[in-house]
Amino acid sequence: VTEIYQILEGSGVIMSGGRLEEVRESDLTNLGAGMSHTGRHVGGMSKRLVPGDVFVVPAGMPHRFSELDGPIRYVVYRFEPGK
């Protein structure tokens, strides 16, 4: 799914792109997010996000928060194909 993150409070660094190694499925349905994947993130780019920033993650792109400067609050919009 494509995800759009809107940072409301706090700040941190998001890693995106590159690839995942040692991939395994992660069930996030209890969080209302459906199935996902986790693993070792290799390569990609990093970007510091602060309140007011919006960050788009295209479907299939590995991504994770690699640093948080404390508590962070954000809204994530998820767009599933065919829905």
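## Close-up views of a predicted eight-strand model

**View 1. Tyr5, Phe65 and Tyr74 form one aromatic cluster.** The model shown here and in the other views is predicted. Three aromatic pairs are present in the structure. One of them joins Tyr5 to Tyr74, with 5.3 Å from centre to centre and 55° between the planes, so the pair is classed as tilted. The two partners of this pair come from distant parts of the chain: Tyr5 belongs to strand 1 and Tyr74 to strand 8, 69 residues apart. Phe65 and Tyr74 make another tilted pair, at 5.6 Å centre to centre and 35° between the planes. Tyr74 therefore takes part in the pair with Tyr5 and in the pair with Phe65.

**View 2. How buried or exposed are the members of the aromatic cluster?** Tyr5 has 9% relative accessibility and counts as buried, because the cut-off for buried is under 20%. Phe65, at 24% relative accessibility, counts as partly exposed. Tyr74 also falls in the partly exposed class, with 36% relative accessibility.

**View 3. Tyr5 has contacts in several parts of the chain.** Neighbours within four places in sequence are left aside here. The contacts of Tyr5 then include Asp53, Val54, Phe55 and Val57. Tyr5 also touches His63 and Phe65, and its list is completed by Tyr74, Val75 and Val76.

**View 4. Six residues make up the largest nonpolar core.** The members are Tyr5, Ile7, Ile14, Leu49, Phe55 and Val57. Which elements give two or more residues to this core? They are strand 1 and strand 6. Tyr5 is thus found both in this core and in the aromatic cluster.

**View 5. Strands 6, 1 and 8 form an open sheet.** The three strands lie in the order 6-1-8, and their pairing is antiparallel. Why do strand 6 and strand 8 each have one side without a neighbour in the sheet? Strand 6 (54-57) and strand 8 (73-79) stand at the edges and have a single partner strand each, so one side of each is left free of a neighbour in the sheet. From one strand to the next, the twist averages 20°. Strand 1 (residues 2-9) is joined to strand 6 by four bridges. Gln6 stands opposite Val54 of strand 6.

**View 6. Strand 6 has a covered face and an uncovered face.** Side chains in a regular strand alternate between the two faces of the sheet. In strand 6, Phe55 and Val57 are on the covered face, while Val54 and Val56 are on the uncovered one. Phe55 and Val57 are also members of the largest nonpolar core.

**View 7. Strands 5, 2 and 7 form another open sheet.** The order is 5-2-7, with antiparallel pairing. Strand 5 (45-49) and strand 7 (63-68) are the edge strands, and each pairs on one side only. The twist from one strand to the next averages 25°. Five bridges connect strand 2 (residues 12-16) with strand 5 in the antiparallel sense. Lys47 of strand 5 is the bridge partner of Ile14. Ile14 also belongs to the largest nonpolar core.

**View 8. Glu22 has a positive phi.** For most residues other than glycine, phi is negative. Glu22 has a phi near 55°, although it is not a glycine. Glu22 lies in strand 3 (residues 19-27). Is Glu22 buried or exposed? Its relative accessible area is 57%, so Glu22 counts as exposed.

**View 9. The protein chain has eight strands and zero helices.** Along the sequence, the pattern reads β-β-β-β-β-β-β-β. The C-alpha trace spans about 30 × 30 × 20 Å along its principal axes. The protein chain has a radius of gyration of 13 Å, which agrees with the value near 12 Å for a compact globule of 83 residues. Buried residues account for 20% of the 83 residues. Of the contacts between residues at least 6 apart in sequence, 73% join residues at least 24 apart. The pair of Tyr5 and Tyr74 links distant parts of the chain in this way, with their positions 69 residues apart in sequence.

Key:
Residues numbered from 1 in each chain as written. Predicted model: local features only at pLDDT ≥ 70, side-chain atom pairs only at ≥ 80, totals over all residues. Heavy atoms only, no water. Pairing = 2+ DSSP bridges. Axes fitted to C-alpha atoms, helices over the stretch in contact; angles between N-to-C directions. Core = buried A, V, L, I, M, F, W, Y, C linked by side-chain atoms within 4.5 Å. Buried < 20%, exposed > 50% of the residue type's maximum accessible area, 1.4 Å probe, protein only. Contact = heavy atoms within 4.5 Å. Phe/Tyr/Trp six-rings, centres within 6.5 Å; stacked < 30°, edge-to-face > 60°. Rg over C-alpha atoms; globule rule 2.2 N^0.38 Å.
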